[in-house]
Structure formats: C-alpha cells, structure tokens
Amino acid sequence: MKYRELLALLLPLAALAGCFDDGPCPPASTTATPDALHFPSTGGSTPVMVNSTSAWNVSSKPDWCTLSPDHGGHGDTPVTVSVGIRNESNPTTGQITLLSADGTSAVIEVVQSLTDREALIELYNATNGPGWTTSTNWTSSAPLSDWYGIMTDADGRVINVNLDGNTLQGTIPPSIGSLTQLQALNFTTNQLTGSIPASVWTLTGLRVLGMGSNQLTGTISGISNLVNLTNVHLSYNQLSGGLPPNLGDLTGLLYFSVDNNNMTGVIPESITGLTQFQLFNLSSNGFSGPIPENIGSVTTLVYLYLSHNNLTGNIPASVADLTLLDTFNVSKNLLSGTVPQAVQDMPQWSTFVGNNWINPQQNGNTLIY
C-alpha cells in the first residue's frame with residue numbers, strides 16, 4: 001500500500017480517537033483560505049492555508065498551475081499555488097479541487113489574465129491607437145488614471161473606459177475581459193467591427209455598456225450575465241439574433257437601446273418584471289410576435305420605441321397603466337385590432353396619434369380607433 005493511501009486511512013482513525021478522548025467530534029470539513037486567486041500573465045505564487053478534519057489530496061486541477069504540497073492531514077496545512085507565464089489574451093480560469101478522506105471537499109478558483117495595463121495596451125494596438133483622435137499618455141509608464149478616457153479606483157484598477165468618438169478602428173480584443181473591475185465601457189461612435197468578445201459578458205460589475213454607432217456584428221446572447229447593468233446603448237450596428245429570454249434578470253436596468261440593427265425574435269416577457277425601466281428602444285429591427293400583454297406593469301416606462309419591426313397582435317390594454325409614458329411609437333408594424341378604449345383615454349393619446357406613432361390602416365398596421 002502506498003504511503004498516501006495509508007495516510008488517508010490512518011489519519012481519520014487517529015482523529016476519531018482524539019474526538020472520543022477530548023469530547024464530541026467537530027463537523028467534518030475542508031476549507032482553503034483564500035479560495036479565489038488572481039494571477040497576472042507573468043505568473044507567480046500565492047500561499048493558501050488548507051484546513052481539514054481528515055487527510056486530503058488534490059482531486060483535480062488545471063495543468064497550468066501547481067499546488068505544493070498536494071496532500072495533507074488533519075488540521076492546518078500551508079500550501080503554495082503557482083502558475084507560470086501565459087501569453088493568451090483571453091483570461092484563463094480553472095479550479096483546484098481538494099478531496100478529504102471524510103468526504104468533504106474544497107475548491108480554489110484560479111484566474112490568470114493580463115494586468116489592466118497590458119489589457120489596455122492590447123486594446124490600443126488592436127484598434128489603431130496611433131490613429132485615435134486623442135491618446136494622451138497611452139502606452140506610457142504614467143498611472144493609468146492619467147491615460148485619456150481611463151478612470152481607476154483607489155487600488156489603481158480600471159473602472160471606467162470612455163473612448164466615445166475617438167476614431168477607434170478594428171476589433172475589440174478578448175483581453176478587454178481582463179479588466180475585471182470595470183463598471184463602465186463606452187466605445188460609442190467609432191469604427192469598430194467584428195463581434196463583441198465573449199469575455200465582455202464576464203464583466204459582471206459593468207453598469208454602463210455603450211457601443212452604439214459602430215459596425216459590430218454577432219449576437220448579445222450573453223448580456224443577461226451582466227446583472228448590474230443600468231444603461232445599454234448598442235444602437236446603429238449590425239447586430240443579429242434575439243434578446244435573451246431572461247433579460248428581465250437585469251433588475252437595475254434603466255435604459256436599453258438596440259435600435260437600428262438586424263435583430264430578430266420576440267420581446268421577452270421577463271421585461272415586465274423590471275421596476276426601474278425608463279427607456280426601451282427596439283426600433284428598426286426585425287422583431288416579431290406580440291407586445292407583452294403585461295407591459296403595463298413596467299410603470300416606470302417613459303419611452304417605448306417599437307416602430308419598424310414585424311410585431312403582430314393587439315395593443316395591450318395594460319399600456320393605459322403606463323401613466324409616465326411620453327413616447328409610444330409602434331408605427332410600421334403588423335399590429336391589428338381595436339386600440340383599447342383605456343389607451344385612447346390616456347392624456348397622451350393625442351400626442352401618440354398626432355405624431356403618427358399609432359397608425360391606423362397604414363404602414364402595415366391595421367389598427368382601428
């Protein structure tokens with residue numbers, strides 16, 4: 001029998017005997033502190049303390065990191081987690097699983113990514129930085145907070161990238177996902193092409209996402225991962241696909257604009273659960289299906305732009321509950337039926353009709369009122 005196997009058998013028995021001598025046994029457990037590690041692309045080592053009520057060893061780990069020692073016994077065991085140099089732009093993630101003889105386990109989350117400075121330099125190089133309108137201090141040794149359009153927190157981590165209207169050309173590099181503390185990302189009004197990298201959908205601290213007025217393609221299926229979003233501006237691109245069914249999980253959403261794209265699919269019912277939503281703009285796409293029947297439950301809505309789509313069915317009576325509604329544009333769809341009297345009785349009705357936002361018997365709609 002190998003030493004490690006013998007250790008795994010004897011240590012739990014020794015610990016159990018100690019329990020009877022000293023009192024009741026504590027609950028079985030295995031912990032690792034800290035249990036989440038972040039390494040730069042240059043690699044490094046970090047100490048971790050493993051505490052277990054029994055013998056333990058490494059059950060699984062990524063091949064790009066090591067843990068030494070890779071086994072231990074009852075009580076505290078200091079270990080070291082190490083990773084080498086990696087040159088990939090995408091953040092690399094993995095888990096080290098520690099399994100104890102008593103059946104308990106612990107997981108250490110390991111992430112290796114570019115530093116914020118490295119990620120920003122990759123952005124500069126990928127988007128023709130020398131041709132930017134303004135690039136003060138970019139790629140220099142100056143603090144990142146002195147780089148044009150960059151804001152950092154007290155720890156020097158990047159929290160805001162604002163390069164609106166700055167002549168960025170090219171594709172957004174995946175390394176943007178290394179800016180793990182990012183709260184606002186604004187690339188509006190540039191000349192960016194390609195898809196939005198999947199790594200953007202891992203930036204769960206994002207509150208503001210602005211990439212409107214570019215030539216971006218692909219889908220936004222991962223956007224519902226960004227649960228802290230309040231403002232989304234992706235208008236005037238070439239985005240395709242639909243809205244995720246769980247868009248309503250973005251409970252803090254205030255403004256959402258994806259107008260003037262090539263998007264299709266239906267309006268998710270889940271948006272009717274949003275309690276702070278003020279602007280919803282889906283105009284000039286290929287959305288189909290009905291307007292959600294309970295749209296009136298979003299009582300904070302002020303602007304609802306649904307024109308130039310392929311929406312069908314009736315105008316829901318619950319629209320009358322949107323007392324703050326300033327704009328309700330459903331022109332140039334395939335809507336039908338009689339507009340509910342409660343909607344026609346809204347104080348804003350004359351504005352809706354006067355601006356041709358609700359077109360009867362024309363532009364595709366066959367509404368009656």
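Let me start with two rings that sit inside this predicted model: Tyr 124 and Trp 132 are both buried. They form an aromatic pair of the edge-to-face kind, with 5.1 Å from centre to centre and 70 degrees between the planes. If you look a little further along the chain, you will find that ring pairs join Tyr 124 and Trp 132 with Trp 138 and Trp 147 into a cluster.

How many aromatic pairs are there by this rule? The count comes to 9, and another one to look at is formed by Phe 277 and Phe 280, which is tilted, with 5.2 Å centre to centre and 50 degrees between the planes. Are these two rings buried or exposed? Phe 277 counts as buried because its relative accessibility is 1%, and the cut-off for buried is under 20%. Phe 280 is buried too, because its relative accessibility is also 1%.

Now let me step back to the protein as a whole, which has 4 helices and 26 strands, and in which buried residues make up 45% of the 369 residues. Its C-alpha trace spans about 85 × 55 × 35 Å along the principal axes, and its radius of gyration is 28 Å, whereas a compact globule of 369 residues would have one near 21 Å. If we take the contacts between residues at least 6 apart in sequence, 51% of them join residues at least 24 apart.

Finally, the surface: the protein exposes about 16200 Å², of which carbon and sulfur atoms supply 52%. As for charge, there are 8 positive and 24 negative charges, and their mean positions are 10 Å apart.

How values were computed: Residues are numbered from 1 along each chain as its sequence is written. This is a predicted model: local features need pLDDT of at least 70, side-chain atom pairs count only at pLDDT 80 or more; totals for chains, interfaces and linings use all residues. Side-chain values use heavy atoms; hydrogens and water are left out. Helices (H or I, at least four residues) and strands (E, at least two) are DSSP runs, numbered from the N terminus. The radius of gyration is taken over C-alpha atoms; the globule rule is 2.2 Å times the number of residues to the power 0.38. Buried means under 20% relative accessible area, exposed over 50%, partly exposed in between (1.4 Å probe, protein chains only). Contact means heavy atoms within 4.5 Å. Accessible areas come from the Shrake-Rupley method with a 1.4 Å probe; for residues, only the protein chains shown count as cover. Lys and Arg count as positive and Asp and Glu as negative; His and the chain ends are not counted. The place of a charge is taken as NZ of Lys, CZ of Arg, CG of Asp or CD of Glu. Rings of Phe, Tyr and Trp (its six-membered ring) pair if their centres lie within 6.5 Å; planes under 30 degrees apart count as stacked, over 60 as edge-to-face and the rest as tilted.
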